[in-house]
Amino acid sequence: MSLTHAPAGAVRQGSLRELNLALVLGRIAAAHRPPSRADLATATGLTRATVSAVVEDLLAGHLVSESDPAPRSGAGRPARGLVLADQGPAGLGLEVNVDYLAVCVVDLAGQVRHRTVHRADLRPVAPVDALAQLVEMAVAARDDATERGLTLVGAALAVPGLVDDAGTVRLAPNLGWRDVPVPALLAEHPPLVEQVPGVPVLVVDNEANLAALGELHSRPPGPSSFLHISGEVGIGAGIVLDGALFRGVRGWSGEIGHLPVHPEGRPCRCGGQGCLEQYAGQEAIVAAAGLARAELPADTATMRLAELAEAGDADALRALHDAGTALGVAVAGVVNLLDLDTVVLGGGYAALAPWLCPPVLAEIASRVLTAAWSPVTVRPSTLGAEAAAVGAAGSVVRRIVAQPAGWLARSG
């Protein structure tokens, strides 16, 4: 809304209410313990009367709920705390990957309330057919969410490829997708959610970016700057700097899987040679461990590799060590360039972290200029294989927290 083209009083009143709603709800969302109305007045600088009015609106809109009062000493009745509601608005996270489809529902508090995974090799499947399967899963998720007292307010889709601002997948080499207009294809199906002012019905983004955002906003909070690497058939990375996702000029940053670790090495689906994916991707590790794909289907790949490694299988241990070494070469380059101190191994890598971390750290120690006095932490993701779908759904609910007035206008 333009300040120069609308009545000043109406703008001030409407804008002030929207700002106060967002301010108070944001404080509740960020609090480590449920704040009382008095706590919120102190933290925001608003009057108690204003805070009480805002809280009543948030309660009526099912954005917050009251928790039991905490024990206190001294006289007076203990104040009730406020928490994000576990009923009301929720986000829908969708994911298409090379060997699975995933759907999840996340409530306003960030809790996963529904998750479904369908395992299948999607490389021979046409994009429109893969999306049709995903829509069926999403409709079932919506119905389950409704039974739980949740209303889906938006959806975000994670894909393993380069996505432009219009939601077109320009290239997903491991899926074989090129210039796929995802929003247009999805528009051919009945809408999954209704439009809410200020909240897009569908956002399409790279799966590694959404996984990094899921990790950033997971609880307990971690570092504000890190490199999140999703290890599946392909390898993607999300770069978080000072609490914000770094997207690059065109939004295509993080294609770590196509960094060459052996410039004259194996040919890659992207058209290059020696890419990291050819040495540390899931299928590369499986092959190096001497296991044919038929012996190790996608839904058990990481689990089976972990079992073999725990049992001391020499081929599995060698394959994981070599993959970790290749991964460490790529990671060291990123750390040297961006001066990061935390690397998070997500996707299929999370379960394999005990065997991947040592060679990654060894390469960092030998290749990162500052490693001797500025150590780098390498750890598994807190969300593991769920990170992309959870991050997608979480990106929807965070918009509600940032702009609650739209939801309240609809629900009222």
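This report covers model confidence, two open sheets and two helix pairs.

## Model and confidence

This is a predicted model, in which local features need pLDDT of at least 70, side-chain atom pairs count only at pLDDT 80 or more, and totals for chains, interfaces and linings use all residues. Residues are numbered from 1 along each chain as its sequence is written, and side-chain values use heavy atoms, leaving out hydrogens and water.

The protein chain has a mean pLDDT of 87 (the predictor's confidence in each residue, from 0 to 100). Of its residues, 89% reach 70 or more. Residues 1-11 have pLDDT below 50. Beyond near neighbours in sequence, this stretch has five contacts in the model (contact means heavy atoms within 4.5 Å). Residues 195-199 also have pLDDT below 50. That stretch has eleven contacts beyond near neighbours in sequence.

## The sheet from β5 to β10

Helices (H or I, at least four residues) and strands (E, at least two) are DSSP runs, numbered from the N terminus. Five strands make an open sheet in the order β5-β4-β3-β6-β10. Its pairing is mixed (two strands pair if DSSP finds at least two bridges between them). β5 (112-119) and β10 (202-206) stand at the edges. Each has a single partner strand, so one side of each is left without a neighbour in the sheet. The twist averages 20 degrees from one strand to the next.

Strand β6 (residues 150-159) pairs with β10 in the parallel sense, over five bridges. Ala156 has Val203 of β10 as its bridge partner. Two helices pack on this sheet. Helix α4 (residues 127-147) touches β3 (88-96), β4 (100-107), β5 and β6. The direction of α4 makes about 25 degrees with that of β4 (axes are lines fitted to C-alpha atoms, for helices over the stretch in contact, and angles run from 0 to 180 degrees between N-to-C directions). Helix α13 (residues 404-411) touches β3 and β6, and its direction makes about 135 degrees with that of β6.

## The sheet from β13 to β15

A further open sheet of five strands has the order β13-β12-β11-β14-β15, with mixed pairing. β13 (244-246) and β15 (377-380) are the edge strands, each pairing on one side only. Neighbouring strands are turned by 30 degrees against each other on average, direction ignored.

Strand β12 (residues 235-241) pairs with β13 in the antiparallel sense, over three bridges. Val240 stands opposite Leu245 in β13. Helix α10 packs on this sheet and touches β11 (226-231), β12 and β14 (342-347). The direction of α10 makes about 155 degrees with that of β11.

## Helices α9 and α10

Helix α9 (residues 301-310) packs against helix α10 (residues 314-338) at about 115 degrees, with axes 8 Å apart. That makes α9 roughly perpendicular to α10 (angles under 35 degrees count as roughly parallel, over 145 as roughly antiparallel, 65 to 115 as roughly perpendicular and the rest as oblique). Leu305, Leu308 and Ala309 of α9 meet Ala316, Leu317 and Leu320 of α10.

## Helices α6 and α12

Helix α6 (residues 207-216) and helix α12 (residues 387-402) pack at an angle of about 70 degrees, their axes 7 Å apart. α6 is therefore roughly perpendicular to α12. On the α6 side, the contact holds Glu207, Leu210, Ala211, Leu213 and Gly214. α12 contributes Ala387, Ala388, Gly391, Ala392, Ser395 and Arg398.
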